[in-house]
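Hello,

Here is the structure I promised to pass on. Please have a look, then read my notes below.

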Amino acid sequence: FTCINSYAIPTYRVMRHTLLSFIKDSSYVVIGAGLSLLCNYFFHFYVSRALGPKDYGVYNALLSFSLLLTLPFGAISLAVANETVRLEKEKISDYIRQLLFFNITFAVFLFVLLLINIKWISTFLHIDNPLLILITFLIPVISLFPSILIGVLQGLQFFKPYALVTTSVQLFRLVFGVILVILGLKVFGALLGTIFGAVAGLMLLLFFIRSYLSWPPFKRKGERIKQTIKKSLSYLGYTGAFFSLMYVDVPLVRHFFTAQETGFYSAAALLGKVPVYLIGSMGMVIFPKVVEMRRQNQAHFRFFTIALFIALVLLTIIAISYILLAKLVVKMLFGSAYIPAVPLVKHFGLSAIPLTLASVTVRYFIGIEKRRFLYLVWLCALGFVVSFCLFHPMPDWAIWWLGLWSFLIIVSVFVGNLFFKD
């Protein structure tokens, strides 16, 4: 009875409170992710029909390339969230001023670097229009600001504003992008709508953290920025690997196959990666909670296993739905012209399970400061690229390689945790 009163009951109460908080916050994030996906799909459904398979393949290749350029943003955002959790409230304002100065400096450097390599990028993607390449460069440069600053909301565990920001980005992209495509700007208009969405998200994000903003808005020097950058370099193994797995497949398919085949694959990827965005968003909630639980010496691994089980159940339901309803959904949303994408959608439903679980698992181990094994994640992502480049008789091979290397990420993370101690 002494053991129960001193350990079991308090542990149960803490775990119950944490799980209830996790379910509530996850609801906000998952609903926000669902609304974002809904806006994103309405946008892509219209654009895919308005542009046709050929131009839609060009647009999606450019968009995927721009998203690949945002690889460091996710790592820095994670480091910002980690740092914000540890900061006292009165020190957050000064930290945000340092972040704003860093964002401007990094944005200028990134844009100049892209301009230097514009000819090589244009040749690789087989796109001769320099205006499309330039507007593609602007997407990661402008998206840098909301992508990094949203880590502050995550660290403060303001998940309701977090969901509103992510939803507003896709909503404004939908509105402006569709209008510009209707006006006849085609691929250029669809890309420009993405920039308008990022600007709208930044304005809303600054509104939610307005109580932490101070004058002057920028601060050049700061030790915490150095710590954030140092920590983000270790996180880059996670974000870089998963961003590569999520977005490098479309440019690779565009490189090895025709524009029409890329259009079919892009439509399938749009549906097939829903579970990764939707259920994988639970990792946004898991990360700051695990960091906080570790600081308070709470049972974070038990919390993680319950969260992982919930994710697995939801992913299995979605995969079965994809197998049964793929043809109906593709025909209803994309039209009869995209019927060849139906088998790809079914394959994506299965491959999304290990990819999503790998994302949630790695976020947990990063949250408990287990990071030295992350180079194994990079090796798995590189293995996916090499495997597809060497063996690609059909576009759907990219999906199977994606599922296989995602499963190997899960295995490598647990094995790495056993052999490497931080």
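Ser122 sits in helix H4. With a relative accessible area of 16%, Ser122 is buried, because buried means under 20%. Its partner in one long-range pair is His255: Ser122 and His255 are 133 residues apart in sequence. In space, their C-alpha atoms are 12 Å apart. Keep in mind throughout that this is a predicted model.

Helix H4 comes up again at the largest pocket. That pocket has a volume of about 360 Å³. The lining is made up of 18 residues. Which of them are closest to the centre of the pocket? They are Phe65, Leu68, Trp120, Phe124 and Val248. Five helices each supply at least two lining residues: H1 (2-68), H3 (89-116), H4 (118-125), H9 (249-256) and H15 (374-390). By class, 16 of the lining residues are nonpolar and two are polar. The lining has no charged residues.

Next, the salt bridges. How many are there? The count comes to three.

Start with Lys289 and Asp25. Their closest N and O atoms are 3.0 Å apart. Lys289 belongs to helix H12 (residues 282-295) and Asp25 to helix H1, so this salt bridge ties together parts that are 264 residues apart in sequence. Are these two residues buried or exposed? Both Lys289 and Asp25 are buried.

Another salt bridge joins Lys273 to Asp249. Here too I can give the spacing: the closest N and O atoms are 3.0 Å apart. Lys273 is in the loop between helix H10 (259-272) and helix H11 (274-278), while Asp249 is in helix H9, so the pair ties together parts 24 residues apart in sequence. Lys273 and Asp249 are both buried.

The remaining pair to describe is Asp94 with Arg97. Their closest N and O atoms are 3.5 Å apart. Asp94 and Arg97 are separated by about one helical turn, because they are three residues apart in helix H3. Asp94 counts as partly exposed, at 23% relative accessibility. Arg97 is buried, with a relative accessible area of 18%. Why do the two get separate labels? The cut-off for buried is under 20% relative accessible area, and Asp94 has 23% whereas Arg97 has 18%.

Now to the surface. A nonpolar patch is formed there by Leu171, Phe172, Val175, Phe176, Ile179, Leu183, Leu185 and Phe196. Together these residues have about 680 Å² of accessible area. Which helix gives the most to the patch? Helix H6 (residues 159-182) does, with five residues. Ile179 is placed in helix H6. At 43% relative accessibility, Ile179 counts as partly exposed.

Two backbone angles deserve a look. Gln157 has a phi near 60 degrees, a positive value in a residue other than glycine. Gln157 is in the loop between helix H5 (130-156) and H6. With a relative accessible area of 22%, Gln157 is partly exposed. Lys186 also has a positive phi without being glycine, and the value is near 55 degrees. Where is Lys186 found? Its place is helix H7 (residues 186-208).

Two further long-range pairs are listed here for you to find in the viewer.

- Gln227 lies in helix H8 (residues 223-247). Gln227 is partly exposed, at 41% relative accessibility. Gln227 and Glu83 are 144 residues apart in sequence, yet 8.5 Å apart in space, C-alpha to C-alpha.
- Tyr277 is in helix H11. Tyr277 is partly exposed, with a relative accessible area of 30%. Tyr277 and Ile353 are 76 residues apart in sequence, and their C-alpha atoms are 12 Å apart in space.

If time is short, begin with the pocket and its 16 nonpolar lining residues. Then turn to the buried pair Lys289 and Asp25.

Best wishes

Conventions:
Residues numbered from 1 in each chain as written. Predicted model: local features only at pLDDT ≥ 70, side-chain atom pairs only at ≥ 80, totals over all residues. Heavy atoms only, no water. 1 Å grid on protein atoms, 1.4 Å probe; cavity = no way out; pocket = protein on both sides within 12 Å on 5 of 7 lines; lining within 4 Å. Points joined across faces, edges and corners; volume = space filled by probe spheres on them. Helix = DSSP H or I, 4+ residues; strand = E, 2+ residues; numbered from the N terminus. Nonpolar A, V, L, I, M, F, W, Y, C, P; charged D, E, K, R; others polar. Patch = residues over 30% accessible without salt bridge, like charges linked within 9 Å, V, L, I, M, F, W, Y side chains within 5 Å. Areas by Shrake-Rupley, 256 points an atom, 1.4 Å probe, with all protein chains shown as cover. Salt bridge = Lys/Arg side-chain N within 4 Å of Asp/Glu carboxyl O. Buried < 20%, exposed > 50% of the residue type's maximum accessible area, 1.4 Å probe, protein only.
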